[in-house]
Amino acid sequence: MADIKTTDSPNPDTRQEFPEVKGKIVEMVELTAEPDYFGISIRFDDKTGLAFSFEPCIFAVPTYADWTSGEEKFIKEYRPVRSTMLRE
């Protein structure tokens, strides 16, 4: 497939650690799945908390191909299209 050249950030973070919560005692974990909010909240016995907000999104990579030989031969790969997110 053709290389994609975009102006988007090259490699988004796929892993992150949270050293501030190491060794803390968890008091409560709450999962919220509402139509306008998806998240996980972790509260600790020292009255601090760590929360994760999730946003569903769509990421599409359009391609144009030739099938005359019976097999797909890529002619062009377009720039990816993605849905907007609330926190960008």
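Read from the N terminus, the chain follows the order β-β-β-β-β-β-β. In this predicted model, the secondary structure amounts to seven strands and zero helices. The chain has 88 residues, and 8% of them count as buried. Its exposed surface comes to about 8100 Å², with carbon and sulfur atoms supplying 54% of that area. Contacts along the chain can also be sorted by how far they reach in sequence: among those between residues at least 6 apart, 23% join residues at least 24 apart.

A good place to begin a closer look is the pairing of two strands. Strand β5 covers residues 63-66, and strand β6 covers residues 73-77. The two run in the antiparallel sense and are paired over four bridges. One bridge can be picked out by eye in the structure above: Ala 65 has Phe 74 in β6 as its bridge partner. Together, β5 and β6 make a hairpin, with six residues between the strands. The turn of this hairpin contains Gly 70, whose phi is positive, at about 95°.

The same region leads on to the surface. Tyr 64 belongs to strand β5, and this tyrosine joins Ile 75 and Tyr 78 in a nonpolar surface patch of about 320 Å². How open to the outside is Tyr 64? Its relative accessible area is 47%. Since buried means under 20% and exposed means over 50%, Tyr 64 is classed as partly exposed.

Attention now turns to the aromatic rings. A pair of aromatic rings is described by two quantities, the distance of the centres and the angle of the planes. The structure holds one aromatic pair. Phe 18 and Phe 52 are the partners, with 5.5 Å from centre to centre and 85° between the planes. Planes over 60 degrees apart count as edge-to-face, so the arrangement of Phe 18 and Phe 52 is edge-to-face.

Which parts of the chain does this pair link? Phe 18 lies in the segment before β1 (26-34), while Phe 52 sits in strand β3 (residues 49-54). The two residues are 34 residues apart, and the pair thus links distant parts of the chain. Are these two phenylalanines buried, exposed or in between? Phe 18 has a relative accessibility of 30% and is therefore partly exposed. Phe 52, at 26%, counts as partly exposed as well.

Conventions
Residues are numbered from 1 along each chain as its sequence is written. This is a predicted model: local features need pLDDT of at least 70, side-chain atom pairs count only at pLDDT 80 or more; totals for chains, interfaces and linings use all residues. Side-chain values use heavy atoms; hydrogens and water are left out. Patches are made of residues with over 30% relative accessible area and no salt bridge: like charges are joined within 9 Å, nonpolar side chains (Val, Leu, Ile, Met, Phe, Trp, Tyr) within 5 Å. Accessible areas come from the Shrake-Rupley method with a 1.4 Å probe; for residues, only the protein chains shown count as cover. A salt bridge is a side-chain nitrogen of Lys or Arg within 4 Å of a carboxyl oxygen of Asp or Glu. Buried means under 20% relative accessible area, exposed over 50%, partly exposed in between (1.4 Å probe, protein chains only). Rings of Phe, Tyr and Trp (its six-membered ring) pair if their centres lie within 6.5 Å; planes under 30 degrees apart count as stacked, over 60 as edge-to-face and the rest as tilted. Two strands pair if DSSP finds at least two bridges between them. Contact means heavy atoms within 4.5 Å.
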